[in-house]
Amino acid sequence: MARRLTLLLAVALALAAPALAGDGLGDQKASVDAKLGALHARIAASQHKAAALSSQIGSLTGKIHALEGQVGDVSSRLSALQTDLALRQRRLNKLNQLFALQTKRLTYLKHEYKLSVQRLNTRLIAIYQQEDPTTIDLLLTAKSFQDVLDQVDFLNAIAAQDKRVAAAVSTAKKQVKVARARTKTVRAGVANEARAINARVQQAAILRRELLASRHSLAGARSSKSHALVATKEQISAEVGESKALSDASAALAAKIQAAQASDSGSAPSGGGDTATDGSSAPPSGGPSTGFIWPLSGPITSPFGMRWGTLHPGIDIGVPTGTPIHAAAAGKVIWCGWMSGYGNLVMIDHGGGLASLYGHQSRIAASCGEEVAQGQLIGYVGCTGFCTGPHLHFEIRVNGSPVDPLGYL
């Protein structure tokens with residue numbers, strides 16, 4: 001601002017001073033025109049910068065809107081998964097309660113069956129040890145023939161009743177045992193479903209955090225460029241005002257030059273050249289398959305998919321060093337050693353183009369060429385190779401190409 005005031009003051013003093021010789025006015029005009037040309041160049045550069053900033057702000061705004069849409073979709077999916085997980089967890093809790101109740105009842109029936117069998121055995125031993133009543137004894141002690149029949153029926157009924165009690169308890173025990181086994185199977189299935197859904201909840205939560213971080217970063221960049229655009233527009237406004245003042249000064253100097261030339265020649269200015277509007281002389285005229293179990297239990301710290309511009313070909317499960325790792329399915333070990341990036345790696349071929357990989361192990365517990373069963377110990381968690389903390393890097397590959405393991409677990 002001080003520089004512009006100084007320039008305008010100098011121009012005003014030049015206009016207010018007595019008329020100088022033609023050469024002095026010409027020098028003044030040339031100086032002002034040079035400054036004006038430089039100022040026009042700065043204004044053009046500022047306008048170009050403002051246009052670029054506006055374009056960048058528009059692009060960032062579009063990206064932010066797109067990210068907001070993605071965040072909304074992921075948030076909806078996350079909410080649905082969390083609701084589903086909560087329902088399955090409640091069902092699992094009820095199954096646990098039912099299993100505990102059935103276990104308690106089975107224990108009670110086992111005890112009852114044991115007592116009934118003991119009671120039956122005791123009665124049979126007592127009957128065996130005592131002398132069998134003869135027909136004469138029954139007739140002598142009986143008051144009537146019907147009384148004889150009643151005593152015989154009574155002895156038979158007692159033995160039959162003991163047998164029926166033992167059989168009923170045995171049947172009830174078997175039924176509860178079957179129901180308990182069925183509940184155990186259902187409970188295991190629901191637990192696996194809940195674990196898979198929980199993994200997807202974690203994956204969606206990680207994606208949502210990444211999208212929110214990206215949106216925050218873009219919003220910060222847009223805010224920075226918006227401030228730069230405001231400053232650039234203020235600069236343009238000031239430079240346009242300065243340019244107008246210089247243009248006015250240049251036109252006034254042109255008029256004075258013409259007047260001085262006319263005074264020297266004693267006539268009106270010659271029409272041999274045109275004068276431009278700025279006072280200067282114008283020139284001449286771009287289903288997975290199923291059957292895999294979790295190799296270990298733990299939270300997913302990094303999901304499958306694009307990460308920092310490259311594909312993360314598996315999932316990372318964060319657990320302490322030394323945690324046992326188990327084969328996700330039966331197969332043959334086709335690699336058991338060091339591999340760049342993966343560190344200590346075990347790779348199992350399951351046939352049909354399917355293979356599983358277990359990286360960053362602290363110690364390998366499987367041998368190359370070994371046939372392993374599902375759930376068999378194959379190593380221990382560590383942080384070998386390219387790794388920032390102890391975890392298991394787990395992959396599923398189909399014909400050599402990595403796929404999302406969550407579709408197979």
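In this predicted model, D84 is partly exposed, with a relative accessibility of 26%. Its side chain meets that of R88 in a salt bridge, with 3.0 Å from N to O. Both residues belong to helix α2, which spans residues 22-129, and they stand 4 residues apart, about one turn of the helix.

R88 is likewise partly exposed, at a relative accessible area of 24%. The side chain of R88 also forms a salt bridge with that of E193, where the N to O distance is 2.3 Å. R88 lies in helix α2 whereas E193 lies in helix α4 (residues 145-265), so this pair ties together parts that are 105 residues apart in sequence. E193 has a relative accessibility of 36% and counts as partly exposed, because that value falls between the cut-offs of 20% for buried and 50% for exposed.

The salt bridges described above share a partner, and D84, R88 and E193 are thereby joined into one network. Within this network, R88 pairs with D84 inside helix α2 and with E193 in helix α4.

A further salt bridge lies outside this group. The side chains of R397 and E395 meet at 2.7 Å, from N to O. Both of these residues are buried, which means that each has under 20% relative accessible area. D84, by contrast, is partly exposed.

In total, the model contains 3 salt bridges. As a general matter, side chains of opposite charge can pair when their charged atoms come close.

How values were computed
Residues numbered from 1 in each chain as written. Predicted model: local features only at pLDDT ≥ 70, side-chain atom pairs only at ≥ 80, totals over all residues. Heavy atoms only, no water. Salt bridge = Lys/Arg side-chain N within 4 Å of Asp/Glu carboxyl O. Helix = DSSP H or I, 4+ residues; strand = E, 2+ residues; numbered from the N terminus. Buried < 20%, exposed > 50% of the residue type's maximum accessible area, 1.4 Å probe, protein only.
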